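Here is a short set of exercises to work through with the model open beside you. Try each task on your own before you read the solution.

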Amino acid sequence: MGNYLNPGNSGFTRIKNDIYVDKTGLIALVNETIDTPRCLTCISRPRRFGKSFAAKMLCAYYDKTCDSTDLFDDLMIATDKELNGTYKQYLNKYDVIYLDMTNIMGKTAAQNIVSFIQASVTEELLNAYPNLKAGNVFDETLIHAVELTGNKFIMIIDEWDAPIREIPDTQKMYLQFLRTLFKSSGTTDKIFAAAYMTGILPIKKDGSQSAISDFEEFSMVKPRKFGTYVGFTEGEVKKLCEEYHQDFAMMKRWYDGYSFRGVDSVYNPNSVMKAIRNDDFDSYWTQTSAAESLMGYISLDFDGLSKTVTELLGGVQVKVDTKAFANDLVTFRNRDDVLTLLIHLGYLAYDEKTERVRIPNEEIRLEFAKTIREVKRDETIQRVRESEQLIYDTVHKNEEAVAEQIEKIHGEEAPLHYNNEQALRSVIKRAYFSYADEYIKFEELPAGDGYADIVYLPKKDSPLPALVIELKWNKSAQGAIDQIKERRYPDAIRNYGGDILLVGINYSKDATAGKRKHECVIERYRENG
């Protein structure tokens, strides 16, 4: 058992000894690719989304120097009839080359990464197979090893993109090394039964094409058949909550929000596990290095980016073109490149059908809300102040000021799309985007005899009143208030224990002098009228 050749199953044993969610179905997907033209797989996921767990699981499964039967026999790969067709066929049958690139970068100078990998793997191969003849170049040594053993390699590279992300000067040399190993003719066919790379970013583009073109890629934009393995599914989280006596509704609000084709709800696995271990719902994202970089990205000086961030914080979904992103951390040409990076980093959830992004959950919303106050851009600072003032004016029933600010936000929007209550709702969410400090937002909340348009419910430690907002189009703000009362919308939150304000907002299309006009009425809720 070595560091790079056949690392054994101890890593997966430790994982299984903790709170464990069975993701061994992923093995079946990799098995489908063995010795096929699809044998090269690249998975990109955000930090703390289980990439290393999957890599260690694959090492334990394929490594021929250990017996992992006891580890896997009670798991889905062995027990599920739809998955277990190749279970025994490939279990502990291969020499595994395992490269944890983050670990390797800590052991050698940047310019020596490739030579360090080649020397280290070669040394372990020669120790494992004394009769092996080293080749003049690294891939020749691997070919000789396959000829000697009659057995191809499984290659697993964890954090494959770490050198590209952290030491860009090594990019050309490192990508050339990977091209040498994984090219369509010759080398790959002779050496590898399969290769599995995992990282944060998709493969770096060389012009408009992938720099290592033979890999099939599965990313946060298009995870395809690997969507179930991006994080925890809703069923898995429900099972964990039942087993460890956790509040599922809270778990969903804090850590859900990602969705892919065929998988409606995907949760941040690291945060779910920490919430269970600590018995505390909190933002565990701050404990990842990804959190440190958010301010740098949303501070970039692209037209419309500041406004887009405030829209996202308000709960608005934003259109984004992900196709031109260069898959690195330095090549940004426009707002869409920044938003696409934030998808890959897990800060935004992407809907493949609508091509829109949103902030996925409470955990990430808190990170955005905290970070945007540190962004040193006049436009951003002004938007934060205006939204905070709007909440202040609403709480203090300053109806004219509320109407005026909503009018201002409305004036920034494209007029052709501003022609119904749904469009008005979008403006309201933009206007109140800084609510996350004090409130939890609900839309279309079932209440009384209908659905409340927007409800802002104070967090436990907030002294502010709840806000029940009803929107009207070409009617009246007082009519909105009357509807709140008649349909008993406050019933949904009456037991939260604090004051409730009713907020009616109307947009009059035919205002004086042809101007758009909003009006606002705010009343304190009294249960008996």
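The exercises below go from single residues to strands, cores, pockets and cavities.

This is a predicted model, in which local features need pLDDT of at least 70 and side-chain atom pairs count only at pLDDT 80 or more, while totals for chains, interfaces and linings use all residues. Residues are numbered from 1 along each chain as its sequence is written, and side-chain values use heavy atoms, with hydrogens and water left out.

**Exercise 1. Place Arg356 in the fold and decide whether it is buried, partly exposed or exposed.**

Step 1: find the element. Arg356 belongs to strand E13, residues 356–358; helices (H or I, at least four residues) and strands (E, at least two) are DSSP runs numbered from the N terminus.

Step 2: apply the cut-offs. Buried means under 20% relative accessible area, exposed over 50%, and partly exposed in between, with a 1.4 Å probe and protein chains only. Arg356 has 32% relative accessibility, so it counts as partly exposed.

Step 3: list the contacts, meaning heavy atoms within 4.5 Å. Not counting residues up to four places away in sequence, Arg356 touches Gln317, Val318, Lys319, Ala349, Tyr350 and Asp351.

**Exercise 2. Work out the strand order of the sheet that holds E13.**

Step 1: recall the rule that two strands pair if DSSP finds at least two bridges between them. E12 and E13 run antiparallel and are joined by three bridges; Tyr350 has Val357 in E13 as its bridge partner.

Step 2: read the order. The open sheet has three strands, E11-E13-E12, with antiparallel pairing.

Step 3: look at the edges. E11 (318–319) and E12 (349–351) each have a single partner strand, so one side of each is left without a neighbour in the sheet.

**Exercise 3. Which strands pair with E10, and in what sense?**

Step 1: take E8 (residues 232–233), which pairs with E10 in the antiparallel sense over two bridges. Thr233 stands opposite Val266 in E10.

Step 2: take E9 (residues 258–260), which also pairs with E10 in the antiparallel sense over two bridges. Here the bridge partner of Tyr258 is Val266 in E10.

Step 3: inspect the turn. The hairpin of E9 and E10 has two residues between the strands, and Gly262 takes a positive phi near 85 degrees there.

Step 4: check the burial. In E10 (residues 263–267), four of the five residues are buried.

**Exercise 4. Describe the nonpolar cores.**

Step 1: define the set. A nonpolar core consists of buried Ala, Val, Leu, Ile, Met, Phe, Trp, Tyr and Cys residues joined through side-chain atoms within 4.5 Å.

Step 2: start with the largest core, which has 78 residues; among those with the most contacts inside it are Tyr62, Leu99 and Trp160. Helix H3 (residues 51–62) provides the largest share of this core, eight residues.

Step 3: turn to the second, separate core. This one has 69 residues, including Val266, Leu341, Leu348 and Ile406.

**Exercise 5. Compare the linings of the two largest pockets.**

Step 1: set the terms. On a 1 Å grid over the protein atoms alone, a pocket is an open set of points with protein on both sides within 12 Å along at least five of seven lines, a cavity is a set where a 1.4 Å probe fits but cannot get out, and lining residues have an atom within 4 Å of a point. Grid points are joined across faces, edges and corners, and a volume is the space filled by probe spheres set on the points.

Step 2: fill in a table. Ala, Val, Leu, Ile, Met, Phe, Trp, Tyr, Cys and Pro count as nonpolar, Asp, Glu, Lys and Arg as charged, and the others, Gly among them, as polar.

| Feature | Largest pocket | Second largest pocket |
|---|---|---|
| Volume | about 1200 Å³ | about 910 Å³ |
| Lining residues | 40 | 41 |
| Top contributor | H22, seven residues | H3, six residues |
| Nonpolar / polar / charged | 13 / nine / 18 | 19 / eight / 14 |

**Exercise 6. How many cavities of 30 Å³ or more does the structure hold, and what lines the largest cavity?**

Step 1: count them. There are three cavities of 30 Å³ or more.

Step 2: examine the largest cavity, with about 90 Å³ of space. Its lining has 13 residues, and Thr310, Arg383, Ile409, Arg430 and Phe433 are the closest to its centre.

Step 3: sort by class. The lining of the largest cavity has three nonpolar, three polar and seven charged residues.
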